[in-house]
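Colleague: Could you walk me through this model in plain terms? I would like to understand it before I go back to the bench.

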Amino acid sequence: MANRTFVVGVGMTKFEKPGSRDWEYPDMAKEAVGKALEDAGVAYGKVEAAYAGSMYGAMGQRALYETGMTGIPVMTVANACATGSSALFLARQAVRGGLADCALALGMEKMQKGSLGAGVGKSKVTIIDHHLNSMVEGRPWEMDKAPMPQMFGNAGREHMEKYGSTPDHYAWIGWKNHKHSVHNPYAQFQDEYSLDDVRNATMIFDPLTKLQCSPTSDGAAAALVVSERFVDEHGLGDQAVEIAGHHIATDTPDSFEDHSSIQVVGFGCSQRAARKAMDEAQVAIDDVDVIELHDCFSANELITYEALGMADVGEGHKLVDDQATTYGGKWVVNPSGGLISKGHPLGATGIAQCAELTWQLRGKAGGRQVEGARVALQHNIGLGSACAVAVYKPAF
């Protein structure tokens, strides 16, 4: 029998514009991990294994040495934009499998200003070459200098052509997430915009304007994952949040077979991961109250509504029409502001989502609290591809 797994401590730094703060990976790790340990009331010496996620700073051991050098196994994790959730997944596996009673997941990133490239380095093969080739074959245009907005923008265009969504549906999602972030002190942006502001912002790749795209960011987040025995021994039942289901999925051949941009940006991964995570947690999407969803671009949020089963395929825009994904609706999606407004330091994003949902289920999310939240879902995708979905419940 697998052990039950619980988050008992979370912490994060404020997400900031790259270069706006004079810090290095060890500085941001010390701040985020320190807050998580303080939240749990647990000393670093209790941690038996650590998983440190970062796409650009492969220095898990060095970053954690500022917190303590206790001889434990420390693994550096990299898994595209799902890096943070992958570190969390590994920490949970260690506890679930009985290899540790207390494991740490850390995510951190220092980024460059400007849009992400295609990951071209010394190798001719890139992390997204399958995806780019499939996209270009499906829509024979020249490759844009910013491939990520192009890929997700094309997914939005495909949805508009097939199913009748409009640019205003995507603009509303950008407006919603910026509005949500007003009450999040950790968010990179806390400004509220009008819908016209979002519509009329600089066009990045039609239909996506600048206020519908996640920025590059610096920041870190951490979570302490423990067993039920550890919860009992340390009297942490009142603040523990159970990870009731967690799954990571990758691409299958049908992601590329028909050159659909919607499939290329991870629809199938998201669908498979969500089904398996919810099956493990024994919940349906209608049981979920609050969702942190990977809105790297507003088009991806709308498409993911369908992948998660919140709407039938082709009907995600109807949730926007009904305002079903904000306060007063059926679900509150991205109360933190999401990637669009909270920011997107690649390695930290997945664990920051965990932190937000932990606060929501504890009833400690302040002005962005979702009233009566009892079941939470996290969705974190990284092209290359990996999609992590986790389901959280109050512990007892």
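Colleague: Thanks! To begin, is Cys102 buried or exposed, and what is its relative accessible area?

Modeller: One word of caution: this is a predicted model, in which local features need pLDDT of at least 70 and side-chain atom pairs count only at pLDDT 80 or more, while totals for chains, interfaces and linings use all residues. Residues are numbered from 1 along each chain as its sequence is written, and side-chain values use heavy atoms, with hydrogens and water left out. Buried means under 20% relative accessible area, exposed over 50% and partly exposed in between, using a 1.4 Å probe and protein chains only. Cys102 is therefore buried, with a relative accessible area of 0%.

Colleague: In which strand is Cys102 placed, and which residues is it in contact with beyond its neighbours within four places in sequence?

Modeller: Cys102 sits in strand β4; strands (E, at least two residues) and helices (H or I, at least four) are DSSP runs numbered from the N terminus. Contact means heavy atoms within 4.5 Å. Leaving aside neighbours within four places in sequence, the partners of Cys102 are Lys46, Val47, Glu48, Ala49, Val95, Leu224, Val225, Val226 and Phe230.

Colleague: What is the strand order of the open sheet of 10 strands, and which are its edge strands?

Modeller: Two strands pair if DSSP finds at least two bridges between them. The sheet is open, has mixed pairing, and follows the order β3-β2-β4-β7-β1-β8-β12-β11-β9-β10. Pairing on one side only marks the edge strands, β3 (74-77) and β10 (332-333).

Colleague: How many bridges join β8 to β12, and why is β8 described as largely enclosed?

Modeller: On one side, β1 and β8 pair in the antiparallel sense over 2 bridges, with Val241 of β8 as the bridge partner of Val7. β8 and β12 also run antiparallel, and Ala249 stands opposite Cys387 in β12. β8 is largely enclosed by the rest of the structure because 7 of its 9 residues are buried. As for β8 and β12, the number of bridges is 8.

Colleague: At what angle does α10 run to β8?

Modeller: Axes are lines fitted to C-alpha atoms, for helices over the stretch in contact, and angles run from 0 to 180 degrees between N-to-C directions. α10 lies across β8, β11 (376-382) and β12 (386-394). Its angle to β8 is about 145°.

Colleague: Which element supplies the largest share of the lining of the second largest pocket?

Modeller: On a 1 Å grid over the protein atoms alone, a pocket is an open set of points where a 1.4 Å probe fits, with protein on both sides within 12 Å along at least five of seven lines; lining residues have an atom within 4 Å of a point. The second largest pocket is lined by 14 residues, of which Arg4, Arg92, Glu242, Ala244 and Glu280 lie nearest its centre. α3 (83-96), β8 (241-249) and α10 (267-281) each supply at least two lining residues. The largest share, 3 residues, comes from β8.

Colleague: Where is Gln282, and is it buried or exposed?

Modeller: Gln282 lies in the loop between α10 and β9. Although it is not a glycine, Gln282 has a positive phi of about 60°. At 71% relative accessibility, Gln282 counts as exposed.
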